Every structure is written in structure tokens, then in C-alpha cells.
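Q: Please take me through one part of this model closely, pairing by pairing and residue by residue. Keep it brisk, and then place that part in its surroundings.

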Amino acid sequence: MTGIGGCRSSGAFTADKQITTGQGKVISIHAVALGAVSAAIHLYDVASSSDAAASNCIGILAVEKGASGDYRYAEADLHGVIFKVGLYADVTHGTGSTTQFTVEFN
């Protein structure tokens, strides 16, 4: 099929992760959580976690808590936000969270 672009996935992760270094575009963030715990992910345009700061945050997604045993899903379309240095994900979740995230980029 012509006219349909592709993108790469970070693969599922549950903790902080340096997804890639170099330039690219963030397409979307997806998350699924199980249980009564909220979680959030911040994406930064950095080559390492030590450089993460509010000034280079390029995306945020939160997953609301649900009743125990309920799956909660959230997605953010970032419309091709450009990163120039790299893509780092900072995950924050409550104790006992089994939240998993994926980040799609190219």
C-alpha cells in the first residue's frame, strides 16, 4: 500500500528507559495498567537520564487508576513531535503497579 508510513516501537517497558539516541519523531505513547494504581510517563529529548528536565520534556501520558482487576488503557497521539538528541522515558507509578508502556517513533 502506498502512502502509509511506518514507525518503530520501543517494545513494552515498565521502568525508565533510554529508547533511542539521535533524531526522530514521536508518533504516540500507549499504556495499559492493571489494578488500582495510577501511572505516568514523561518523554524527554535527551541522550541520557541525567539531562532530563522540564525544558526538554516533549510528551506526557497518565493512566488513571481503576478498580482492582480492571485494565485501564490510555493513548496519546503526539503528531510527530521532533526530538533532536534522543528519546528517554521516565516512568512513575504507584507501589504495586503493573503498568506497561510502548512508544512509537521514527
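A: **Strand β4, its sheet and its loop**

Ala39 stands opposite His93 in β7. That pair is a good way into this predicted model. Strand β4 covers residues 39-44. Its partner β7 spans residues 86-93, and 6 bridges join the two strands. β4 and β7 run antiparallel.

Now widen the view to the sheet. β4 and β7 belong to an open sheet of 4 strands, in the order β2-β7-β4-β5. The pairing in this sheet is antiparallel. The edge strands are β2 and β5, and each of them pairs on one side only. From one strand to the next, the twist averages 15°. Strands of a sheet pair through backbone hydrogen bonds, and the sense can be parallel or antiparallel.

Next comes the loop. It lies between β4 (39-44) and β5 (57-63), and Asn56 is found in it. Is Asn56 buried or exposed? Its relative accessibility is 16%, so Asn56 counts as buried; the cut-off for buried is under 20%. The side chain of Asn56 also makes a polar link. It reaches the backbone nitrogen of Ala53 at 2.9 Å. Leaving out residues up to four places away in sequence, Asn56 touches Leu43, Tyr44, Asp45, Val46 and Asp51. Of these, Leu43 and Tyr44 fall within the range of β4, residues 39-44.

Ala54 sits in the loop between β4 and β5 too. Here the accessibility is 74%, so Ala54 counts as exposed. The loop therefore holds a buried residue, Asn56, and an exposed one, Ala54. For a sense of distance, take Gly24. Ala54 and Gly24 are 30 residues apart along the chain, and their C-alpha atoms are separated by 20 Å.

Gly24 leads to the other sheet, since strand β3 comprises residues 24-34. This second open sheet has 4 strands in the order β1-β8-β3-β6, again with antiparallel pairing. Its edge strands are β1 (8-9) and β6 (71-83), each pairing on one side only. β3 pairs with β6 over 10 bridges, in the antiparallel sense. β3 also pairs antiparallel with β8 (residues 100-105), over 6 bridges. His30 shows both sides of β3. It stands opposite Glu75 in β6 and opposite Thr102 in β8. The neighbouring Ile29 has Ala76 as its bridge partner in β6. In a regular strand the side chains alternate between the two faces of the sheet.

One more loop residue ties in. Ala12 has its place in the loop between β1 and β2. Its relative accessible area is 53%, so Ala12 is exposed. Even so, Ala12 touches Gln100, Phe101 and Thr102, not counting residues up to four places away in sequence. Thr102 is the β8 residue that stands opposite His30. Back towards β4, Ala12 and Leu43 are 31 residues apart in sequence and 15 Å apart in space, C-alpha to C-alpha.

Last, confidence. The protein chain averages a pLDDT of 88, and 91% of the residues score at least 70. Among the elements, β2 (residues 17-21) has the highest mean pLDDT, 97, and β3 the lowest, 91. Where pLDDT is low, the predicted coordinates should not be read in detail.

Methods. Residues numbered from 1 in each chain as written. Predicted model: local features only at pLDDT ≥ 70, side-chain atom pairs only at ≥ 80, totals over all residues. Heavy atoms only, no water. Pairing = 2+ DSSP bridges. Buried < 20%, exposed > 50% of the residue type's maximum accessible area, 1.4 Å probe, protein only. Polar contact = N/O pair within 3.5 Å; in protein donor to acceptor, adjacent residues only side chain to side chain. Contact = heavy atoms within 4.5 Å. pLDDT = per-residue confidence, 0-100. Axes fitted to C-alpha atoms, helices over the stretch in contact; angles between N-to-C directions.
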